[in-house]
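Please examine the sequence and the structure shown below before reading on. The briefing then takes up the strands, the helices and the nonpolar residues in turn.

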Amino acid sequence: MYINLGWCISLILAPTHFIVSAPTAGSSPECPSSERNREEYLLSPRACQDDCVGLVAGAFIGATASHSKSLHVFPVGVLEDFRFMCLFRFKLWWMTQRMGTCGKDIPLETQFMLVESKDTSDGLVEDAPTIYTVFLPVLEGPFRAALQGNEKNELEICLESGDNAVETDQGNHLVYMHAGPNPFEVIKQAVEAVEKHLQTFHHREKKKLPSFVDWFGWCTWDAFYTDVTAEGVEQGLKSFSEGGVPARFLIIDDGWQQIGSDIKQDPNTVVQEGAQFANRLTSIKENSKFQKNGSTTEQESGLKDLVKDAKNHHNVKFIYVWHALAGYWGGVQPAGPGMEHYDSALAYPVSSPGVLGNQPDIVMDSLAVHGLGLVHPKKVFNFYNELHAYLSSCGVDGVKVDVQNIIETLGAGHGGRVSLTRSYIQGLEASISRNFPDNGCIACMCHNTDGLYSARQTAVVRASDDFYPRDPASHTIHISSVAYNTVFLGEFMQPDWDMFHSLHPAADYHAAARAVGGCAIYVSDKPGHHNFELLKKLVLPDGSILRAQLPGRPTVDCLFADPARDGISLLKIWNVNKCSGIVGVFNCQGAGWCKVAKKTRIHDASPGTLTGSVKATDVDAINEIAGSDWNGDVAVYGYRSKEVITLPKGASLPVTLQVLEYELFHVCPLKKITASISFAAIGLLNMFNSSGAIEHIKIEKPEQEAAAIITLKVRGCGRFGAYSSQRPLKCIVGKSDTEFEYEAETGLVSLDIPVREEEMYKWVIEIHV
């Protein structure tokens, strides 16, 4: 379907008398506003052509001002009466979602916007097709664009360099627009068009996904915080192994490095609470808690011994360690012994006006006073390479690189925020490539487009603010924020849903979300504090997980709803396995980020019970999974209800949930075997991602005996289920006839699959009908 993009622009954005502005000296930095320093400018859409068909597939919006500045605000047009979903940075590090219908609903620091409209160009109002238009503010040279709204309902472009010495009077390609009838295809096409234009990053599908994502993991953070020790790591790994859920992936989080501070305790200092963030790295090697017998000598590496023991005694496959993009929260100690050659110098971060207008940050408050030891951008590769080479020599497989967005605040004197960020990202990725051949990197606290549009290699990104075990306001918004952020982030990297606790009131809720998220699954339990019954529904005996194939995203009918705040909407997240779809449904109402309080808070202490519905086409890619001969009928398995229900094409299934409740529906395309026999493979009935166990389905129709033999490849063990409209003649697991049960009312065929010692073993199961 060809979309007239010019029509989309004129329909969605009613043009205004175009003006440009920037804050004057002495004006409030909290909201870059078009009401200051008005001056004429030119707004110019620039076509982006599809090479294959020669049609206009998208357009860039550019602008020209009368004189140069380091920060411009360009009003684009009035936006009213269209539903849209924004992703904006509510704090320096992280994005979350905001829904609206007019320009004033667009927050500061919006980095992605999707608008819904109707194509009435043919004069039809009823049954007019829905068109989705995506707005991507991008990078141009040393400048970075973001979207925002104002009280006149105008959409504005905020363009800034982060360095007063870096100025411009124009931007030719500031925002990319792309439109089409399928929102997920539109977003992918838009990001790919920007990839082709910028040539500074790669789409997720072109990147190597590190292997740890398919294995269960443990992170030390919530278990120990910065008090982590080598003994604590050993205790944790032993605890998981003894419980029958071995951790095959380990993250040694913050607390292993040698750090120091020049800060003298002063009770009158305003930022005393955050003074720990001014600690700086003093060595690339581990601290005394990880050295042998607490020794401060560096003759032998205690980290190397720890890694060796974890891999040899606990069969841990992948070990990652934490570090900040700047080395540590406060950077690298200037002129520290053995660190002089990195040319680290104190720098004082300055947040952009948009970030300050949303949520201030204690880390920034501390570093703005105490400074950050910034490695010179020309030396940053050497720094990373020496750090990572040492870690690699200890047997470490990768790094979790945190606090990334701090670099955008330090661009003054280095060519601006984009230039400095790109230098750091390029140095980091070059070192990862050299030292960690499995592309071992998790990007964290990095939700700015400076970094996203500069990452050619990094393939895993933390997708939301942290899991906060003791904050009751955080759990529902955590799930919804990851899902909506993934709409954008999932085009760049595989989203990581963060750790959670298996022994927690919301553990089931978090576990279900990760099962549909397509992400790595890891927890941060304290040793001895586990719910192994829960974990065994996520993790197979060999320590592997049943990971869905794609980044989990909201269904189309949820894209413009507000399942965290509107009091009426359930959140539905879709994904696919190799032979089926999955829809997770969550009641996420009651809490969210508040622009008045400037924090996440509970706004409804008693959100009600909600009802919604699920249908096969909620899984956007169900047609590709089902194949060209599929007639639209499905068998649906509810993980919590344990019910199997068949749905004809177009039918839906109701679901009712209280807050912090969920259901996982496995949508399994029905195969028509004969006129009277239909079949669908479901999977391992007691696993959260039941249908993730099905690796392959083949149907053969022999000339004798059975009407058909359905051969399945299945990974895992436990109770297996399938739907058959007729009782099977027999079932074979491996090469042995196997007893099975058949429920004539529901068509559920179930049998037991034994445990195998081999890792990632795939059983061959035959069902004769």
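The points below are grouped by topic. The structure is a predicted model. Among its features are an open sheet of 6 strands, an open sheet of 5 strands, a helix pair formed by α4 and α5, and a nonpolar core of 162 residues.

**The sheet of 6 strands**

- Strands of a sheet pair through backbone hydrogen bonds, in either a parallel or an antiparallel manner.
- The order of the strands in this open sheet is β26-β27-β28-β35-β32-β33, and their pairing is antiparallel.
- Its edges are formed by β26 (553-554) and β33 (644-647), each of which pairs on one side only.
- Strand β32 (residues 634-638) is joined to β33 by 4 bridges, and Tyr637 has Val644 of β33 as its bridge partner.

**The hairpin of β29 and β30**

- Strand β29 (residues 591-594) and strand β30 (residues 599-602) run antiparallel and are joined by 4 bridges.
- Within this pair, Trp593 stands opposite Thr600 of β30.
- The hairpin has 4 residues between its strands, and Lys598 takes a positive phi near 60°.

**The sheet of 5 strands**

- This open sheet follows the order β38-β39-β45-β41-β42, with antiparallel pairing.
- Because β38 (694-700) and β42 (736-738) each have a single partner strand, one side of each is left without a neighbour in the sheet.
- From one strand to the next, the twist averages 25°.
- Strand β39 (residues 709-715) pairs with strand β45 (residues 762-768) over 7 bridges in the antiparallel sense, and Lys713 stands opposite Val764 of β45.

**The helix pair**

- Two packed helices are described by the angle and the distance between their axes.
- Helix α4 (residues 230-242) packs against helix α5 (residues 302-314) at an angle of about 10°, and their axes are 11 Å apart.
- Angles under 35 degrees count as roughly parallel, and α4 and α5 are therefore roughly parallel to each other.
- The contact involves Ala230, Val233, Glu234, Leu237, Lys238 and Ser241 of α4, together with Leu306, Ala310 and His314 of α5.
- The residues of this contact comprise 5 nonpolar, 2 polar and 2 charged.

**The nonpolar cores**

- In soluble globular proteins, nonpolar side chains tend to be buried together.
- The largest nonpolar core has 162 residues, of which Leu136 and Phe586 touch the most other members.
- Helix α2 (residues 183-198) supplies the largest share of this core, 8 residues.
- Leaving aside neighbours within four places in sequence, the contacts of Leu136 include Phe112, Leu174, Ala190, Tyr453 and Phe488.
- Another core, of 28 residues, lies apart from the largest one and includes Val733, Tyr742, Val749 and Val769.

Notes:
Residues numbered from 1 in each chain as written. Predicted model: local features only at pLDDT ≥ 70, side-chain atom pairs only at ≥ 80, totals over all residues. Heavy atoms only, no water. Pairing = 2+ DSSP bridges. Helix = DSSP H or I, 4+ residues; strand = E, 2+ residues; numbered from the N terminus. Core = buried A, V, L, I, M, F, W, Y, C linked by side-chain atoms within 4.5 Å. Buried < 20%, exposed > 50% of the residue type's maximum accessible area, 1.4 Å probe, protein only. Contact = heavy atoms within 4.5 Å. Axes fitted to C-alpha atoms, helices over the stretch in contact; angles between N-to-C directions. Parallel < 35°, antiparallel > 145°, perpendicular 65-115°, else oblique. Nonpolar A, V, L, I, M, F, W, Y, C, P; charged D, E, K, R; others polar.
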